[in-house]
Amino acid sequence: MKRLELAIESVILASRWLLVAFYLGLGVALATYALSFGKKLYEFVISAFTLGDTDTILKMLGLIDAALVASLVVMVIISGYENFVSRFDEQDGEVHWLGTIDVGSLKVKVASTIVAISSIHLLQVFLNHASYTTEQLMWLTIMHLAFVFSALMLAYIDRVMALAKGKKAEAAE
């Protein structure tokens, strides 16, 4: 019976390697998004001198938004792989936060990035408010506030968990 249990545990532990397909897929998606970013940048550079101030700001906010989304994807790929599949081998020039982000802090970082992306999108909407109805503006603002509230709650929960771990470690000493 113990051999069966060990075999099941081995299969379960080995199944984490299936996540590699998802992280590689996100890498391909990121490369595709980089091409899309390049196209947006090219279009912006070509039309930069013919755009008005508001349109220039909107285009730049779109580029910032794309950079935040790309950063979010990289964070998920690296942290997810590191937390769930395997540790990266020591390398020169290692990313300073590599190995320091646990699942809880990853959730907080992802939520914070989503809030930043939502903020940029909402700013784009407000700069172009004439294209939106009052009701649309209200719902977009409510959705943004929901993202902010969710991020704050995740950060609070992560903080409470860290304090509980600290107290547990002190009690063990």
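Colleague: Is the crossing of α2 and α3 left-handed or right-handed?

Modeller: This is a predicted model: local features need pLDDT of at least 70, side-chain atom pairs count only at pLDDT 80 or more, and totals for chains, interfaces and linings use all residues. Residues are numbered from 1 along each chain as its sequence is written, and side-chain values use heavy atoms, leaving out hydrogens and water. A crossing is left-handed if the near helix is turned anticlockwise from the far one by less than a right angle, and right-handed if clockwise. For α2 and α3, the crossing is left-handed.

Colleague: Are α2 and α3 roughly parallel or roughly antiparallel?

Modeller: Helices are DSSP runs (H or I, at least four residues), numbered from the N terminus. Axes are lines fitted to C-alpha atoms over the stretch in contact, with angles from 0 to 180 degrees between N-to-C directions. The axes of α2 and helix α3 (residues 53–85) come within 10 Å and cross at roughly 165 degrees. Angles over 145 degrees count as roughly antiparallel and those under 35 as roughly parallel, so α2 and α3 are roughly antiparallel.

Colleague: How do the residues of the contact of α2 with α3 divide?

Modeller: Ala, Val, Leu, Ile, Met, Phe, Trp, Tyr, Cys and Pro count as nonpolar, Asp, Glu, Lys and Arg as charged, and the others, Gly among them, as polar. The contact of α2 with α3 has 21 nonpolar, three polar and two charged residues.

Colleague: Which residue meets Lys39 in a salt bridge?

Modeller: A salt bridge puts a side-chain nitrogen of Lys or Arg within 4 Å of a carboxyl oxygen of Asp or Glu. Lys39 is four residues from its partner in helix α2 (residues 19–47), about one helical turn. The N to O distance is 3.3 Å. The partner is Glu43.

Colleague: Where do Lys2 and Glu5 lie?

Modeller: Their side chains meet in a salt bridge, at 3.9 Å from N to O. Lys2 is exposed (over 50% relative accessible area, 1.4 Å probe, protein chains only) at 53%. Glu5 is partly exposed (between 20% and 50%) at 36%. Three residues apart, about one turn, both lie in helix α1 (residues 2–14).

Colleague: What distance separates the C-alpha atoms of Leu41 and Leu63?

Modeller: Leu41 sits in helix α2. Leu41 is partly exposed, at 35% relative accessibility. Leu63 is 22 residues from Leu41 along the chain. Their C-alpha separation is 7.3 Å.

Technical notes: Helix = DSSP H or I, 4+ residues; strand = E, 2+ residues; numbered from the N terminus. Parallel < 35°, antiparallel > 145°, perpendicular 65-115°, else oblique.
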